[in-house]
Each structure stands twice: as C-alpha cells, then as structure tokens.
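Reader: I have a model on my screen and little practice in reading one. Can we go through the pockets and the helix packing together?

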Amino acid sequence: MAKEPQRDELLERLARRIVELGLTAPAILFLEAYKPLAFLGTQLFWTIQPFLGIVLNADDLRDLALLMQDDTSTEALLARLESLR
C-alpha cells in the first residue's frame, strides 16, 4: 500500500481531477455503489492495468489499484469529493 503521505497526495490529485472534469456526482454515486464489489473491481482493475498502462502512468495506476482495495481510502476519497463540491 502507498505510504500515508503518498496516499493522501494521490487522493487529493484524484479528487481535484474529478471535480475539474465536473464528474463529482457520478464519482460519488459510483464509489458508493462500488463499496460492496470492491474486491471484484480491484481484481478486474489489476487485470486491465497493463492495457491502461499504454496511455496512463503505470505507477499512478498501481497506486490507484492499491487505493481501490483499501476501504479507508475509498471513504477518504468520498469525504474529499464531498468537501470540494
């Protein structure tokens, strides 16, 4: 798992990018619906990560996958999105 400062920085960047794109409400809806399926979603993400690595930063993808499998990170991202609204 990413170290705490790195995790917080990644969450902040992700939250700000979601807000910039105007996707706050859909992201919150997705994250709330995603919680019960977190394990399956993370496994799928690990599976498609090599393909996403073609167009996205592989280190960020790895960190995002690690965040996705941690319930506290999901809750922290939801809280950050709510505060940026």
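Reader: Which residues lie nearest the centre of the largest pocket, and how many residues line the pocket?

Author: First, keep in mind that this is a predicted model. Now the general idea. Rolling a probe the size of a water molecule over the atoms shows where empty space is left. In this model, 20 residues line the largest pocket. Nearest its centre lie Leu14, Ile18, Phe30, Leu31 and Leu77. The volume of the largest pocket is about 490 Å³.

Reader: Which helices supply the lining of the largest pocket?

Author: At least two lining residues come from each of α1 (4–20), α2 (24–34), α3 (38–52), α4 (58–68) and α5 (71–84). The largest share is from α2, with five residues.

Reader: How many residues of each class are in that lining?

Author: Sort the largest pocket's lining by class and you get 16 nonpolar residues, three polar and one charged.

Reader: What is the volume of the second largest pocket, and which residues line it?

Author: The second largest pocket holds about 260 Å³ of space. Its lining is Leu10, Arg13, Leu14, Arg17, Phe45, Leu52, Leu56, Asn57, Asp60, Leu61 and Leu64. Leu14 lines this pocket, and Leu14 is also among the residues nearest the centre of the largest pocket.

Reader: Which helix gives the most to the second largest pocket?

Author: That is α1, with four residues. At least two residues each come from α1, α3 and α4. By class, this lining has seven nonpolar residues, one polar and three charged.

Reader: Now the helices. How do I read the packing of α3 and α4?

Author: Start with the general idea. Two packed helices are described by the angle between their axes and the distance between the axes. For α3 and α4, the angle is about 170° and the axes are 9 Å apart. An angle over 145 degrees counts as roughly antiparallel, so α3 is roughly antiparallel to α4. On the α3 side, the contact is made by Ala38, Gly41, Thr42, Phe45, Trp46, Gln49 and Leu52. On the α4 side are Ala58, Leu61, Arg62, Leu64, Ala65, Leu66 and Met68. These residues of the α3 and α4 contact divide into ten nonpolar, three polar and one charged.

Reader: At what angle do α2 and α5 pack, and how far apart are their axes?

Author: Their angle is about 155°, and the axes are 10 Å apart. Apply the same step of reasoning: α2 is therefore roughly antiparallel to α5. The crossing of α2 and α5 is left-handed. From α2, Thr24, Ala27, Ile28, Leu31 and Glu32 make the contact. From α5 come Thr74, Leu77, Leu78, Leu81 and Glu82. By class, the contact of α2 with α5 has six nonpolar, two polar and two charged residues.

Reader: Why is α1 oblique to α5?

Author: Look at the angle. The axes of α1 and α5 cross at roughly 45° and come within 9 Å. Roughly parallel needs an angle under 35 degrees, and roughly perpendicular runs from 65 to 115. The angle fits neither class, so α1 is oblique to α5.

Reader: Is that crossing left-handed or right-handed, and which residues meet?

Author: α1 passes α5 in a right-handed crossing. In α1, Arg7, Leu11, Glu12, Leu14, Ala15, Arg16, Ile18 and Val19 take part. They meet Thr72, Ser73, Ala76, Leu77, Arg80, Leu81 and Leu84 in α5. The residues of the α1 and α5 contact divide into nine nonpolar, two polar and four charged.

Notes: Residues numbered from 1 in each chain as written. Predicted model: local features only at pLDDT ≥ 70, side-chain atom pairs only at ≥ 80, totals over all residues. Heavy atoms only, no water. 1 Å grid on protein atoms, 1.4 Å probe; cavity = no way out; pocket = protein on both sides within 12 Å on 5 of 7 lines; lining within 4 Å. Points joined across faces, edges and corners; volume = space filled by probe spheres on them. Nonpolar A, V, L, I, M, F, W, Y, C, P; charged D, E, K, R; others polar. Axes fitted to C-alpha atoms, helices over the stretch in contact; angles between N-to-C directions. Contact = heavy atoms within 4.5 Å. Left-handed = near helix turned anticlockwise from the far one by under 90°.
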